[in-house]
Every structure is written in C-alpha cells, then in structure tokens.
Amino acid sequence: MSIANIRLEVMKTLEPRIDEFIKKYLIPVEKIWQPTDFLPDSQSEEFYDHITVIREEAKELPYDFWVVLVGDTVTEEALPTYESWLMDVEGIDNVANNGWSKWVRHWTGEENRHGDVLNKYLYLSGRVNMREVEITTHYLLNDGFDPGTDRDPYKNFVYTAFQELATNISHKRVGTLAAEKNNKLLAKMCRIIAGDEMRHHLAYKEFVKIIFDYDRNEMMLAFADMMKKKIVMPANLIKQSGDKVKDTFVRFSNCAQNLGVYTAMDYVGILEKLNKYWELETMGELDEKAEKARDYLCKLPARLKRVSERMKLDTEQNFFSWVNPDGMMA
Ligand SMILES: [Fe+2]
Ligand SMILES: [Fe+2]
C-alpha cells in the first residue's frame, strides 16, 4: 500500500472516534462562553458607562502591548484560511461530510469566537486604528498561508498540536500583562481564550499519539520533517498597508519576544513537551530512517536552546500603522 493510502486508512480507522474526541476536547454551544459574555451589552442602559471603563483601563497599557494584541487578533481573524486548509487535508472530506470534517467545523466554531471577542474589544478600547487592523486582516486572508504540511494529516496534526500550544502561551501572557495593569476584563478574556487553545492542543496532541500507535515510522518522519522546516506561525505573511510581506511579521515577532509574550525559548519548550508526551526517548520498534528521525528530534531542543541563547535581541522600538504612538509611550 502506498504511504498516502496508509494515511487514509489510519484516518478512516480513527473516524468512528470523532464524536468521542468532540465530547472530550470541545464544549457544546449551549455551555461554552460567547464574546458577549465579556463585553458590554449594547441593549443595556449602562452600555456607555461600561465603554468608558474599558477605555480608561485601556490607557494603562503600553504601545507594544497593543501591537501584540493586534497581531494576535489578526492571526485569529484569519481563521477562514486555516479552516479551508484543514478541510483539504487527506482523510478530511467536507463534501462527503465525514467525521473529520465534523471535527474541523466544530473546532472552527470554537476558534471563531477568539477573533470575534478580541476584535470587539480592540474596537471599544479606542487605542488602535481599526481600519488599519482591518486592512491587515484583509491582506492576510488574501495572502493565505503555507505551513509546509502539504495535505498530509500527520504533518498537519503536528503543526496544529504545536501551534495551539503556542497560541495558548501567547494569550495567557497577554492576559497576565493586562492583569498587572489591573485590566481585569481583558485579562479574563485572554485567559479564557488560552483555555480553549489548551483544549485544542490536547486534542491534536492526542491524535498524533494515537497515530504513533498505528503507523509509528511514518508519524516520526512527518514530525521530523515539520521540525526541520520549522513551525511557521500562521500569520507569517501578515502585513500592514504599504508594507512588504514578511517585514511586518519580523517586527511583530520582535515585539512579542521583547514583551516576553512568545519567545524563542517558548518554541523550544513546546518541542520538549511534545517529545515527552509522544515518548520519543523510549520509542522502539522503528525502522532505520525513523530511528534517525527520532534521534534528531530528541537532540533538537538542546541545539535550539544553544542557538536562542546566542541570538541577539532586536530591542529597537518599532512602530506600526495599527497603533498611533501619540500619548501611548507609557
Ligand atoms: Fe484561537
Ligand atoms: Fe487555536
């Protein structure tokens, strides 16, 4: 059987378990939070008072904070790109409405609330140029993304397992920074989004673990291949009006690194966690190629740590069209 056919077989074998996965890792619509639970009720008499509080609290947060929050929001807002990418993965069939497509739709339903709540908060905060933010989202949707996973379910699940934890870390840290400035509402919002990302991470991490049981050699090669390419962030093509592609992402990443929201050490930390959860150190019964891949992956965290320790931080203040610097240099 060809490699692609074996993958399809594995995906088919797991399909009867989709409802179990949905029940375990996702929350039913009736029970889960919605953006409005955290934002002022526009039907309420106190609506304007609540907005005044939001705007006052927002003034306490510094320039780079808003840049990172905008970047995180835009990343979430480009969800249509990620959904259409996942729907195209081998073994996920939207037209046939198979189990995996149901998973992707339910996952998308949860994810959609993230961009929604953050976008509304940014709009109400009065600290960002919303039109510029909207232009960036529009550009990112036009430009799409390529995580280097091809249509391979194994590589895609490695990517999503990694990425969901990266977003968990990033939202959690933004929430902590907001809490430090006494912005309880934003802190709560970020923490609850981070909680969703964690559940998603646990799900994708579990899918990979199960696949290791069925097809360990190919799963190992797929994991190594993704790490060799490096896990690119979903918004790596993000750009502002008038910017060259990539330039914005580099400067945005610097901002996130300097603020301590998502750093090169976090990247290493995620890899360490994945290696541990998938029990790479002790995984046997591998063919020669997969064994080599396992050894590469086991040594990779230490190697990346050395690289990131040598990395020089670019601490220069960057400005973005999304956030007006006037009166913001707190
Ligand atoms: Fe999200
Ligand atoms: Fe996510």
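Start with helix H4 (residues 63-77) and helix H5 (residues 79-87) in this predicted model. Their axes come within 5 Å and cross at roughly 40 degrees. Angles under 35 degrees count as roughly parallel, and H4 and H5 are therefore oblique to each other. To see the contact, show the side chains of Thr75, Glu76 and Glu77 in H4, then those of Leu79, Pro80 and Tyr82 in H5. By class, the residues of this contact are 3 nonpolar, 1 polar and 2 charged.

Keep H5 on screen and add H6. The axes of H5 and H6 come within 10 Å and cross at roughly 170 degrees. The two helices are therefore roughly antiparallel to each other. On the H5 side of the contact, select Leu79, Tyr82, Glu83, Leu86 and Met87. On the H6 side, select Ser101, Val104, Arg105, Trp107, Thr108, Glu111 and Asn112. The residues of the contact of H5 with H6 divide into 6 nonpolar, 3 polar and 3 charged.

Glu76 of H4 and Glu111 of H6 were part of these contacts, and both lead to the next stop, the iron ion (ligand 1). Which residues coordinate the iron ion (ligand 1)? Select Glu76, which appears twice through OE atoms, together with Glu111 (OE), His114 (ND1) and Glu197 (OE). The distances run from 2.1 to 2.4 Å. Along the chain, the donors of this ion follow the spacing E-x34-E-x2-H-x82-E. Glutamate 111 and histidine 114 are 3 residues apart in helix H6, so about one helical turn separates them.

Now select the iron ion (ligand 2). The iron ion (ligand 1) and the iron ion (ligand 2) are 3.4 Å apart, and glutamate 111 coordinates both. The protein donors of the iron ion (ligand 2) are Glu111 (OE), Glu164 (OE) and Glu197 (OE), at 2.0 to 2.1 Å. Their spacing in sequence is E-x52-E-x32-E. Glutamate 164 sits in helix H8 and glutamate 197 in helix H9 (residues 184-229), so this pair ties together parts that are 33 residues apart in sequence.

Next, turn to the pockets. The largest pocket has a volume of about 1200 Å³. To find its centre, select Ile231, Met233, Phe249, Tyr262 and Tyr267, the closest to the centre of the 46 residues that line this pocket. Then colour the helices that each supply at least two lining residues: H4, H5, helix H6 (99-125), helix H8 (153-180), helix H10 (247-259), helix H11 (264-277) and helix H12 (288-310). Which helix supplies the largest share of this lining? H8 does, with 9 residues. By class, the lining of the largest pocket comprises 26 nonpolar, 12 polar and 8 charged residues.

Finish at the second largest pocket, whose volume is about 200 Å³. Select Ile22, Lys23, Leu26, Ile27, Pro28, Val29, Ile32 and Gln34, which are among its lining residues. Add His106, Gly109, Glu110 and Arg113, which also line this pocket. Helix H2 (18-25) and H6 each supply at least two residues of the lining. With 4 residues, H6 gives the most to it. The lining of the second largest pocket divides into 6 nonpolar, 3 polar and 3 charged residues.

How values were computed. Residues are numbered from 1 along each chain as its sequence is written. Chains are lettered from A and ligands numbered from 1 in the order in which they are written. This is a predicted model: local features need pLDDT of at least 70, side-chain atom pairs count only at pLDDT 80 or more; totals for chains, interfaces and linings use all residues. Side-chain values use heavy atoms; hydrogens and water are left out. Axes are lines fitted to C-alpha atoms, for helices over the stretch in contact, and angles run from 0 to 180 degrees between N-to-C directions. Angles under 35 degrees count as roughly parallel, over 145 as roughly antiparallel, 65 to 115 as roughly perpendicular and the rest as oblique. Contact means heavy atoms within 4.5 Å. Ala, Val, Leu, Ile, Met, Phe, Trp, Tyr, Cys and Pro count as nonpolar, Asp, Glu, Lys and Arg as charged, and the others, Gly among them, as polar. On a 1 Å grid over the protein atoms alone, a cavity is a set of points where a 1.4 Å probe fits but cannot get out, and a pocket is an open set with protein on both sides within 12 Å along at least five of seven lines; lining residues have an atom within 4 Å of a point. Grid points are joined across faces, edges and corners, and a volume is the space filled by probe spheres set on the points. Donors are N, O and S atoms within 2.8 Å of the metal (3.2 Å for Na, K and Ca); water is not among the atoms, so sites may look incomplete.
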